[in-house]
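Work through the two exercises below with the sequence and the model at hand. Each task is followed by a solution in steps.

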Amino acid sequence: MSRRFLVAAVVLAATLLTALSVHALWAPWPGAARPASDAPRGAITLTGGTARDMVILTVSAPVTGSTALDVRLVPRGGTATGGPAPVVMVSAALPTAGHAVPDCTAVRAPDGHYHVAALPLMMPGRWQVLVTVDGDGHRDRLVFPLNVPR
Amino acid sequence: MNAPSAARRLGAVLAILLSTLGLLMPPVAEADSAAVGDLHVAQTLGGRELTVILRRVTGVPGPLHVDVITHKGTAAGRLDLAVVPTGVSTSASAASVSGTTVDTAAVALSGRPGTCSAVLDVTRAGPWELSLSDGNRTATIPFIVPKQLTSPPETAVYLGFSGAGVLLLVTLLVAVRARRGWWTLVPGGALVACLAVAVTGALLSSRLPPPPSQGGQVDATIDGVDDPYAYSGQRIGDYSRPPGTLLLSSSTTRAGEVADVRLALSDASTGLPLDDVVVHDGALLHLLVVGPSGQLWHLHPIRTGAGVFEVPLSLPEGGHYAVSAEFARRGGGVQQLRSATGIDAVPATGRTTTGSRPEVAARTTAGDLQVGAGARTVADVQVRLSASSLVAGQAAVLSARVGDTATLQPWLGMLGHLIVVGPLAPEAAVGTATQNAQVWAHSHSMGAMPDRTHDTSGTDGTAHAPGMGPHSPSPGLDPDMPGMGGLTSVNGDSTADETVAAYGPDICFVHTFPAPGYYRIWIQAERGYTVLTVPYLLHVTGTVEKRP
Ligand SMILES: [Cu+2]
C-alpha cells in the first residue's frame, strides 16, 4: 500500500517537473510568423505609419526567394485628399550582408492597395523592406524589418 | 513508536529542510535584458550646444522625463518637444499611431546654464523618436522605450519557486493532518520537482545568451521590443554592418557667414541612406572640424532625415577646413569618416559678420603655439599639461590639470577628450595639414592616473611653466581614487550627467603616437558649463634605441 503511494508521488513529481520545464522553457519561444486573417497562407502583415498614412505591408512569402508584396495606404483622418494618388516604391536591403534589391514601383490597385509582383529576397536574414510614399509634396520613407528564415 | 507518526516526522523534517534550501537559494536578479539607462545625446541645435537626456522609461504607458542641459552662452528661448512612435508591428492596433505625434511639450531655456526639464507621455514599448525644434530647425533622436522582461529561464525560476512555496504549505498541512504518513511524499515530491525547475532555471539564466538588442544590434520593431525572445530570429554572432560613406553638401563656403553644413551618410555597400546610427559617446554623430589656424570645432549635428545630419557652421577666415565624423551603426562598431574634400572657405569680400555668428561651445582659436606641453589659459581657466615618453610607438602619458578644483563636469560621458592630428609640418596651415595628416585620433580620459604616474609627471622637463607651483591636493579628491565614480554604468544604472561638477582637476590620457613628427593635439574638458578646448603642439621623437 505505502509503496504504491511512493510510486504515485514519484510519478506525480516527474510529471509536474516535465510539464513545468516544457512550459517555462519552450512556450515563450513561438515562431515569428503570425499571418493576418485575409492574407495568403504563410504571409506576414506588418503595420507601420507616417504622419499622413497608415501603411500596411503584406509579404506573401516571407522566405528565401521571390515574393509578392502588397502595400495598403490608409490615409489618416479617413479619406484621401482629392489630389493625385501617391506613388509607392518598394525596395529591400539586407544590411548585415550589404545586399540590396532593385527599386520596384508598386502597381496601383483599388482601395489604396499597391502591388509588387516579385521582390527577390535571395538570402535568409534580417531584411529591411523599404517603402517610399511620394505624394502631396511629401516623401515618406518607411523601413519594415522582416526576418527571412533559413 | 508507530509507523504513521514516524512518517509524519519524516515529512516535517523534509519540509523544514526544503524550506531552508529555498531560503539559501540565491536571489534571482531582475530581468534586465532590455535594461538601458538614461540616454545622453549632445545636440548642436542652431547656435545652441545642448545635452538632451532621455531618462529611462520605467513603465508604459508612462512618463518620459527629458532634461535639456544648456551651457554658458546658450541663448534663452523656447524648445518644442514631441514624441512619435515609429515602430512596425504584426498587430495593426499596436502600430495604429506609428508615425504620428503622441505628445508634445515645451521647454523654456532661461539663458543661464543648467537643466530645463519636460515630461512627455509615451504610450507603449517600442521604437520612438523625440523631436526638438527651436523654431528654425528640428532634430530627431531615435530611442527605444523598453519593456520589463523576463527571460524563459527566469520564468522557470519564478514558477518553480512560487510552486515550491505553495507546495511547502501543502506538505506541512498534509504532514500534520494526514492519517497515513506516506501522503506527505506526494506534495513533498512535487515540491522537490518545483525546486528542481527553479534551480535549473537559475543555472540556465546566466548561461543562455540574451536575445539581440532591439535597436542596438538589430532593427527594432514593436513586436521585438515586446518579446525579444520570440522575435530574436537567427542567432548570428556578428551583427555588424558595412562602413559608411560621408558626403558633404558643399565643399565651399564663404568665410564669416553661417552656412548649414549638411552631412549625408550612406551605406558603403548598398549606397542606401545610412539611417541606423545609434547613440555613441553621448551623441549620434560627433563632427570634428579643424580650421586654418588651428581652431577645433567639436559639434554634434542634428539628425534631420534618413542618414542626414545638419549643423550651422560659421567659418571665421578663408582657408581650408578638415572635417571628420564619428558615429556607430546598429550592430556594433564605431567608425570615423574623414571627408575627402573638407571645406574651403573663400575669404569674405566685404565686412565680416563676426558679431552675428552663433556662439557654440567647444570652439577655440589657437594662436601661435609653442612646441611642447606647459600652461595655457583658456576662458580664464589655467590648464597645465605634462607629457611623458613622447616617443613613437611608446605609450605617451598626457596629464592635464584643468583649473585647481575638483569641479570638472563630465562632457559626453567623459572627463576629458583628446584629439590628435599628425604628423604634420608645424608651420603649415593647420586645416590643410590635418586634411593630409595620417593620424586623426580621438581618445578619452576617465580621470587622473593612480598616483605613480602623477608623481613622476612633475619630473618631465616640459611640465613646469614659470611660476607654476607644486600641485596642491585638491579638496574633495581622494588621492587613491582617480575620481571616476558614477561615470561608468553599473548594472544599467544611470551615469552622472553634466550637472555633477565633482571631478578632476587632473585628467590623464594614454596615447601611443604611431610615427615620429609634430602633432597638434586638443584637450577638451568641461568646467563651469563651458567646454574648454586647449590646443598644444607636441613633438614625438623616433625610437631612442633599437632593442635587440
Ligand atoms: Cu562629440
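The exercises treat a metal site and a chain interface in a predicted model.

**Exercise 1. The copper site**

Task: Identify the protein donors of the copper ion, give their spacing in sequence, and state whether H286(B) and H300(B) are buried or exposed.

Solution:
- Step 1. Taking N, O and S atoms within 2.8 Å of the metal as donors, the protein donors are ND1 of H286(B) and NE2 of both H298(B) and H300(B), at 1.8 to 2.1 Å from the copper ion.
- Step 2. Along the sequence, these donor residues follow the pattern H-x11-H-x1-H.
- Step 3. H286(B) lies in strand β13 (residues 286-290) of chain B, and H300(B) lies in the loop between β14 (296-299) and β15 (302-305) of chain B; the two are 14 residues apart, and the pair links distant parts of the chain.
- Step 4. With buried meaning under 20% relative accessible area, H286(B) and H300(B) are both buried.

**Exercise 2. The interface of chains A and B**

Task: Describe the interface between chain B and chain A by its area, its polar pairs and the make-up of the chain B side.

Solution:
- Step 1. The contact involves 47 residues of chain A and 53 residues of chain B.
- Step 2. About 3,900 Å² is buried between the two chains, with carbon and sulfur atoms giving 67% of this area.
- Step 3. Between chain B and chain A there are 0 salt bridges, while 5 residue pairs are in polar contact across the interface, counting pairs with both residues at pLDDT 80 or more.
- Step 4. On the side of chain B that touches chain A, the elements giving two or more residues are α2 (152-177) and α3 (185-205) of chain B; α3(B) provides the largest share, 9 residues.
- Step 5. The residues of this side of chain B comprise 31 nonpolar, 16 polar and 6 charged.

Note on methods
Residues numbered from 1 in each chain as written. Chains lettered and ligands numbered in written order. Predicted model: local features only at pLDDT ≥ 70, side-chain atom pairs only at ≥ 80, totals over all residues. Heavy atoms only, no water. Donors = N, O, S within 2.8 Å, 3.2 Å for Na, K, Ca; no water. Helix = DSSP H or I, 4+ residues; strand = E, 2+ residues; numbered from the N terminus. Buried < 20%, exposed > 50% of the residue type's maximum accessible area, 1.4 Å probe, protein only. Contact = heavy atoms within 4.5 Å. Buried area = accessible area lost by both parts, 1.4 Å probe. Salt bridge = Lys/Arg side-chain N within 4 Å of Asp/Glu carboxyl O. Polar contact = N/O pair within 3.5 Å; in protein donor to acceptor, adjacent residues only side chain to side chain. Nonpolar A, V, L, I, M, F, W, Y, C, P; charged D, E, K, R; others polar.
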